[in-house]
Every structure is written in structure tokens, then in C-alpha cells.
Amino acid sequence: MLYDAAEEPATLTPEALREAYEAQLRAVLTDVGVETAAAESGVDVDTVEALADGTVPDLSVADAAAILALDEARPDAEAIVLELRDHLLMAMTTGVVDVDTIAANVDLGLSGQEVQQALEGRTTMTLEQLAAIQQFLAERNER
């Protein structure tokens with residue numbers, strides 16, 4: 001479900017965590033094919049091809065969920081996104097972390113308000129942003 005792409009996200013860099021997400025997505029692309037993935041997920045074929053060929057840091061979480069949902073063993077894209085948000089919010093609660101703390105500790109150039117909007121789905125969150133936020137929360141919760 002994206003957040004479970006790596007067993008110990010606190011031990012990884014945000015870049016390595018993003019690469020783990022992308023590896024999870026590439027496994028789906030290998031199973032269903034690039035053309036089918038683009039057609040069935042609604043994600044632009046150029047974006048799907050770029051993902052199949054390498055990294056796409058600006059891939060949105062929503063598009064990643066749409067691709068991941070093509071795996072019949074996984075829930076639909078909306079459920080994947082909602083579960084991801086729940087996971088992040090629980091990590092914030094466990095670590096007693098607010099959005100301003102996240103904004104101050106991740107190198108994304110986002111304000112606390114922008115982090116909150118991304119977490120709530122009111123603005124697009126990229127895999128790069130997700131990786132930075134998830135890695136920070138995981139590291140914080142291991143203290």
C-alpha cells in the first residue's frame with residue numbers, strides 16, 4: 001500500500017524510500033504491462049513509460065495508487081490512498097508530531113499548511129513528498 005514498500009523506512013533515505021515505492025509499482029507494471037496500466041489506471045502513458053524505465057519523483061500518490069490498484073490482490077485506488085493517509089496520521093499521533101514540525105524537518109520547501117493540505121488530500125502529494133514525510137515520521141517514532 002505504498003507505506004509498506006520498505007520494512008524499515010526509518011533506516012532509509014527519502015530517496016531510497018521513494019525508490020522502494022517505485023519498485024513496488026514497477027512490479028505491477030511488469031505483471032500487467034505498460035499499455036494496459038496506462039489504459040486501466042488513467043495515468044498518462046508517458047508517465048507510466050517513464051516509471052517503467054526509471055524514477056519519477058513527481059509521480060502523484062493518487063496516480064501511484066491507481067497503478068498499484070491494478071494488482072488484483074490489492075484494494076482499489078481510493079482505499080489505498082485513504083489507508084496511506086490513516087497510516088501517516090497515526091504515525092503523527094504516535095510521534096506527537098504536527099504539520100509544522102514535519103515542514104521544518106523535511107527538505108520539501110513546504111509550509112505546515114501545505115503539508116496538512118497534502119496529507120488531507122486537498123492538494124497533490126508526490127511520491128517524493130510522501131517518502132520524505134514517511135521517513136521523517138518513521139525515524140521520529142523510533143526514538
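**Notes on the predicted model: helix 7, helix 8, the core and the pocket**

1. Let's start with Gly112, which sits in helix 7. This is a predicted model, so read everything below in that light. Gly112 is buried, because its relative accessibility is 7% and the cut-off for burial is under 20%. Leaving out residues up to four places away in sequence, its contacts are Val99, Asp100 and Ala103. If you want a long-range distance to check, try Gly112 to Val56: they are 56 residues apart in sequence, and their C-alpha atoms are 25 Å apart in space.

2. Staying with helix 7, which spans 112–120, have a look at Leu119. Apart from neighbours within four places in sequence, Leu119 is in contact with Arg85, Leu88, Met92, Val99, Ile102, Met125 and Ile133. Leu119 also turns up among the residues of the largest nonpolar core that touch the most other members.

3. On that core: how many residues does the largest nonpolar core have? There are 46, and those touching the most other members are Leu2, Ile102, Leu119, Leu127, Leu130 and Leu137. At least two residues of this core come from each of helix 1, helix 2, helix 3 (45–53), helix 4 (61–68), helix 5 (77–95), helix 6 (99–105), helix 7 and helix 8. Helix 8 gives the most, with seven residues.

4. Helix 8 deserves its own point. It has 15 residues, and from first C-alpha to last it reaches 21 Å, close to the 21 Å expected at 1.5 Å a residue. Is helix 8 mostly covered or mostly uncovered? Mostly covered, with eleven of the 15 residues buried. The buried set is Leu127, Gln129, Leu130, Ala131, Ala132, Ile133, Gln134, Gln135, Phe136, Leu137 and Ala138. These buried residues pack against helix 1, helix 4, helix 5, helix 6 and helix 7. As background, an α-helix has 3.6 residues a turn, so residues three or four places apart point the same way.

5. Just ahead of that helix is Thr126, in the loop between helix 7 and helix 8. Thr126 counts as buried because its relative accessibility is 14%, against a cut-off of under 20%. Once residues up to four places away in sequence are set aside, Thr126 touches Pro57, Asp58, Leu59, Ser60 and Val61.

6. Now the largest pocket, which holds about 170 Å³ of space. Its lining consists of Pro14, Glu15, Arg18, Asn105, Val106, Asp107, Leu108, Glu128, Ala131, Ala132, Gln135 and Phe136. Helix 1 (14–32) and helix 8 (127–141) are the elements that give two or more residues to this lining. Which element gives the largest share of the lining? That is helix 8, with five residues. By residue class, the lining divides into six nonpolar, two polar and four charged. For anyone planning to put a probe in there, the general idea is that rolling a probe the size of a water molecule over the atoms shows where empty space is left.

7. One of the lining residues is Asn105, which is placed in helix 6. Asn105 counts as partly exposed, because its relative accessibility is 45% and that class lies between 20% and 50%. Asn105 and Gly121 are 16 residues apart in sequence, with 21 Å between their C-alpha atoms.

8. Two backbone angles to look at. Most residues other than glycine have a negative phi. Leu2 is not a glycine, yet its phi is positive, at about 75°. Val96, also a residue other than glycine, has a positive phi near 50°. Are the two residues buried or exposed? Leu2, in the segment before helix 1, is buried, with 0% relative accessibility. Val96, in the loop between helix 5 and helix 6, is exposed, with a relative accessible area of 69%. Leu2 is also on the list of core residues that touch the most other members.

9. Last, Ala38 in helix 2 (residues 34–41). Ala38 is buried, with a relative accessible area of 10%. Not counting residues up to four places away in sequence, Ala38 touches Val43, Val45 and Val48. Ala38 and Glu49 are eleven residues apart along the chain, and their C-alpha atoms are separated by 8.6 Å.

Definitions and conventions:
Residues are numbered from 1 along each chain as its sequence is written. This is a predicted model: local features need pLDDT of at least 70, side-chain atom pairs count only at pLDDT 80 or more; totals for chains, interfaces and linings use all residues. Side-chain values use heavy atoms; hydrogens and water are left out. Helices (H or I, at least four residues) and strands (E, at least two) are DSSP runs, numbered from the N terminus. Buried means under 20% relative accessible area, exposed over 50%, partly exposed in between (1.4 Å probe, protein chains only). Contact means heavy atoms within 4.5 Å. On a 1 Å grid over the protein atoms alone, a cavity is a set of points where a 1.4 Å probe fits but cannot get out, and a pocket is an open set with protein on both sides within 12 Å along at least five of seven lines; lining residues have an atom within 4 Å of a point. Grid points are joined across faces, edges and corners, and a volume is the space filled by probe spheres set on the points. Ala, Val, Leu, Ile, Met, Phe, Trp, Tyr, Cys and Pro count as nonpolar, Asp, Glu, Lys and Arg as charged, and the others, Gly among them, as polar. A nonpolar core is a set of buried Ala, Val, Leu, Ile, Met, Phe, Trp, Tyr and Cys residues joined through side-chain atoms within 4.5 Å. The expected span of a helix is 1.5 Å times one less than its number of residues.
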